[in-house]
Amino acid sequence: MFKIEKAPITTVFIVCVTIVYSTFVSYSLTDSFIGKISIIELEKYGGLTPNRLYEFEYWRLLVSQFIHVKQLHMVYNVLSLSILGILLEKHLGSKFLLVLWFISGALGTLYSTNFVSYPWNIGTGASQAVLGVSSFALLLVFVKEHTSSILKFAVVFSMLPAIALDFIYAHYPKPGHVLSICIGLTMSLFFYRKNKSYFDNVAI
């Protein structure tokens, strides 16, 4: 049985690191904490590309999820993860939430680089990880008889705008987003089946 956490330490850690590092990079490049950055400039700060992985720079799988082209986008991702993390982490445990966030984020970000031409094929941002966590929660919303209205709001808030913007600007769901959603749903299915008795008797 997984360990129940009393405090959302993973959520707080990820949110704080994202805010600090993303705004630091923004200020370093634009002299503004909310400046708009060219994605090409983010490679030297941890942007993810397959070529960099071939050079064994695996740290980019983690760091790329903290940096953003637009800081308003970062704020939206941080708000989404904060609400979801506070609601879920006490039930999932800090370690599992960290694994869910990292796997869905890293694989989604890496996958997205295959659909953009060089030199703009640099994976960044927390959207993939947030969509992985929110799709994990989405399955719980459907399989549990009772889930809180706050959790339902958090799922809609974190998923609907991201998918809508995909259709507005790209006219289809971005492949990296789709993969992250699938990862979150898959992990949720296995986790729920393993801990069904717990989730059937606890309010979320």
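**Notebook: L62, helix α8 and a ring cluster**

I began with L62, which I found in helix α3, a helix that covers residues 60–63. The model I am reading is a predicted one, and I keep that in mind for every entry here.

Is L62 buried, partly exposed or exposed? I looked up its relative accessible area, which is 36%, and because buried means under 20% and exposed means over 50%, L62 counts as partly exposed. I then asked which residues L62 touches once its neighbours within four places in sequence are set aside, and I noted W101 and F102. I also checked L62 against Y45, which is 17 residues away along the chain, and the C-alpha atoms of these two are separated by 12 Å.

Next I turned to helix α8, which runs over residues 175–194 and so has 20 residues. From its first C-alpha to its last, α8 reaches 29 Å, and I noted that this is close to the 28 Å expected at 1.5 Å a residue. I looked up which residues of α8 are buried, and among them are I181, I183, G184, M187, S188, F191 and Y192. I recalled that an α-helix has 3.6 residues a turn, so residues three or four places apart point the same way. What covers the buried residues of α8? I wrote down that the cover includes α4 (71–92), α5 (94–112), α6 (127–143), α7 (149–169) and α9 (196–199).

My last entries concern the aromatic rings, for which I noted 13 aromatic pairs in the structure. One of them joins F96 and F191, with 4.2 Å from centre to centre and 40 degrees between the planes, and this pair is tilted. The pair links distant parts of the chain, since F96 sits in helix α5 and F191 in helix α8, 95 residues apart. I checked how accessible each partner is: F96, at 21% relative accessibility, counts as partly exposed, whereas F191, with a relative accessible area of 8%, is buried. F191 also pairs with F199, and here I noted 5.8 Å from centre to centre and 65 degrees between the planes, an edge-to-face arrangement. F199 is at 0% relative accessibility, which is under the 20% limit, and therefore F199 counts as buried. Finally, I asked which residues the ring pairs link into a cluster, and I wrote down F96, F136, F191, Y192, Y198 and F199.

Methods: Residues are numbered from 1 along each chain as its sequence is written. This is a predicted model: local features need pLDDT of at least 70, side-chain atom pairs count only at pLDDT 80 or more; totals for chains, interfaces and linings use all residues. Side-chain values use heavy atoms; hydrogens and water are left out. Helices (H or I, at least four residues) and strands (E, at least two) are DSSP runs, numbered from the N terminus. Buried means under 20% relative accessible area, exposed over 50%, partly exposed in between (1.4 Å probe, protein chains only). Contact means heavy atoms within 4.5 Å. The expected span of a helix is 1.5 Å times one less than its number of residues. Rings of Phe, Tyr and Trp (its six-membered ring) pair if their centres lie within 6.5 Å; planes under 30 degrees apart count as stacked, over 60 as edge-to-face and the rest as tilted.
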